[in-house]
Amino acid sequence: MAAPKRFLVKNISEETILSGEEFNHAKNVLRLFEGSEVTLFDGSGAEYSAVITKIGKSEMVLHTVRKGVSERDPKANLYLLVGALKGDKTELVVQKATELGVQKIGVFSSKYCSAYMNDNKFSRLNRVAAEASKQCLRATVPELFYFDSFEKAVLSAEGYEDKLFACEFITESEKEISEVKSSVALIVGSEGGFTKEEFEFAKGQGFKGVTLGKRILRAETAAIAFLSVAAYFAGELK
Ligand code: SAH
């Protein structure tokens with residue numbers, strides 16, 4: 001039997017109301033009916049089994065029957081910092097990073113970054129993270145941040161045990177990705193890459209430069225590949 005459909009709702013209680021887009025999806029797309037069992041999650045890590053008890057015109061009522069803890073949530077503490085990318089590339093990175101088990105994503109502006117951020121784009125990124133969490137069966141949605149300067153982004157990684165910086169202009173890694181423990185912050189640049197000063201600033205804050213090999217990867221490829229390898233060594237993807 002297929003797993004119960006998942007819905008992201010704030011404020012889950014014994015009787016939970018589903019409205020808006022999630023209601024529309026449940027009623028008109030999935031054609032769920034009174035009696036259908038679903039899974040509710042609020043993004044904080046817990047999830048609930050619930051049964052639809054009443055379907056109205058613009059909302060439905062669900063009765064929560066069981067609370068559980070998702071076993072699919074990431075255990076490692078992975079933080080991805082990525083330069084704002086052009087077009088919908090940041091969305092792509094947010095979607096893939098969510099599936100790979102990131103806990104936090106910081107999007108930043110830097111010297112050679114030509115993409116911009118606004119409220120609209122930022123809300124879209126949050127929606128992408130929520131959708132991807134639903135799809136990959138996570139019960140937590142990664143937290144998203146935007147930093148209007150590279151320095152703020154770097155400083156936001158304070159406290160992580162390992163801090164790695166994907167640097168396109170070094171030929172030898174200062175630390176092997178395979179040595180990371182379970183608390184890792186990663187920095188990847190935007191299409192324009194980094195300045196030497198930005199690299200030096202990050203090093204001053206404890207980041208170690210890492211090469212991803214001899215080829216220059218596109219920013220989105222670099223972000224996804226870097227996170228995948230780090231996630232593996234941090235204990236995820238196993
Ligand atoms: N415009 C730059 C390339 C930027 S690639 C140039 O022409 O050199 C975008 C980002 O992906 C980089 O800032 C870096 O963080 C990462 N990246 C791409 N290829 C890499 C590599 N071989 N090693 C380390 N990081 C890499």
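Analyst: A helix here is a DSSP run of H or I with at least four residues, and a strand is a run of E with at least two, both numbered from the N terminus. By that rule the protein chain has six helices and eleven strands. The model is predicted.

User: What share of the protein chain counts as buried, and how extensive is the accessible surface?

Analyst: Of the 238 residues, 49% count as buried, which means that their relative accessible area is under 20%. The accessible surface comes to about 12300 Å², and carbon and sulfur atoms supply 49% of that surface. Along the principal axes, the C-alpha atoms fill a box of roughly 60 × 35 × 30 Å. Of the contacts with a separation of 6 or more, 72% join residues 24 or more positions apart.

User: What makes Arg-6 and Glu-47 a salt bridge?

Analyst: The N to O distance between their side chains is 3.2 Å. The cut-off is 4 Å between a side-chain nitrogen of Lys or Arg and a carboxyl oxygen of Asp or Glu, so the pair qualifies. Arg-6 lies in strand β1 (residues 5-8) and Glu-47 in strand β4 (residues 46-55), so the bridge ties together parts that are 41 residues apart in sequence.

User: Why are Arg-6 and Glu-47 called buried?

Analyst: Arg-6 has 11% relative accessibility, and Glu-47 has a relative accessible area of 18%. Buried means under 20%, so Arg-6 and Glu-47 both take that label.

User: How do you know that Arg-124 forms a salt bridge with Glu-91, and is Arg-124 buried or exposed?

Analyst: The closest N and O atoms of Arg-124 and Glu-91 are 2.7 Å apart, which is within 4 Å, so the pair counts as a salt bridge. Arg-124 belongs to helix α3 (residues 119-135) and Glu-91 to helix α2, so the bridge ties together parts that are 33 residues apart in sequence. Arg-124 is partly exposed: the relative accessible area is 35%, and that class runs between 20% and 50%.

User: Which parts of the chain does the salt bridge of Asp-162 and Lys-175 link?

Analyst: The side chains of Asp-162 and Lys-175 meet at 2.9 Å, N to O. Asp-162 is in strand β9 (residues 162-166), and Lys-175 is in the loop between β9 and β10 (183-188), 13 residues apart. At 6% relative accessibility, Asp-162 is under the 20% limit and therefore counts as buried. The count for the model comes to eleven salt bridges. A network of salt bridges links Glu-22, Glu-131 and Lys-134.

User: Why are α2 and α6 called roughly parallel?

Analyst: Two packed helices are described by the angle between their axes and the distance between the axes. The axes of helix α2 (residues 89-100) and α6 come within 10 Å and cross at roughly 10°. Angles under 35 degrees count as roughly parallel, so α2 and α6 fall in that class.

User: Which residues of α2 and α6 meet?

Analyst: On the α2 side they are Lys-89, Leu-92, Val-93, Lys-96, Ala-97 and Leu-100; on the α6 side they are Glu-220, Ala-223, Ile-224, Leu-227, Ser-228 and Ala-231.

User: Why is Ala-219 called buried, and what does Ala-219 touch?

Analyst: Ala-219 is found in helix α6. Its relative accessible area is 8%, under 20%, so Ala-219 is buried. Beyond residues up to four places away in sequence, Ala-219 touches Leu-85, Val-188, Gly-189, Ser-190 and Glu-191.

User: What makes Val-229, Tyr-232, Phe-233 and Leu-237 a surface patch?

Analyst: They form a nonpolar patch with about 330 Å² of accessible area together. Members need over 30% relative accessible area and no salt bridge, and nonpolar side chains are joined within 5 Å. Leu-237, in the segment after α6 (219-233), has a relative accessible area of 43%, which is over 30% and therefore meets the area requirement. With that value Leu-237 is partly exposed.

User: How does Ser-36 come to be called buried, and Arg-31 exposed?

Analyst: Ser-36 lies in the loop between α1 (20-29) and β3 (37-41). Its relative accessibility is 8%, under 20%, so Ser-36 counts as buried. Leaving aside neighbours within four places in sequence, Ser-36 is in contact with Ala-50, Val-51 and Ile-52. Arg-31 lies in the loop between α1 and β3. At 61%, Arg-31 is over the 50% limit and therefore exposed. Phi of Arg-31 is near 55°, a positive value in a residue other than glycine.

Key:
Residues numbered from 1 in each chain as written. Predicted model: local features only at pLDDT ≥ 70, side-chain atom pairs only at ≥ 80, totals over all residues. Heavy atoms only, no water. Patch = residues over 30% accessible without salt bridge, like charges linked within 9 Å, V, L, I, M, F, W, Y side chains within 5 Å. Areas by Shrake-Rupley, 256 points an atom, 1.4 Å probe, with all protein chains shown as cover. Buried < 20%, exposed > 50% of the residue type's maximum accessible area, 1.4 Å probe, protein only. Axes fitted to C-alpha atoms, helices over the stretch in contact; angles between N-to-C directions. Parallel < 35°, antiparallel > 145°, perpendicular 65-115°, else oblique. Contact = heavy atoms within 4.5 Å.
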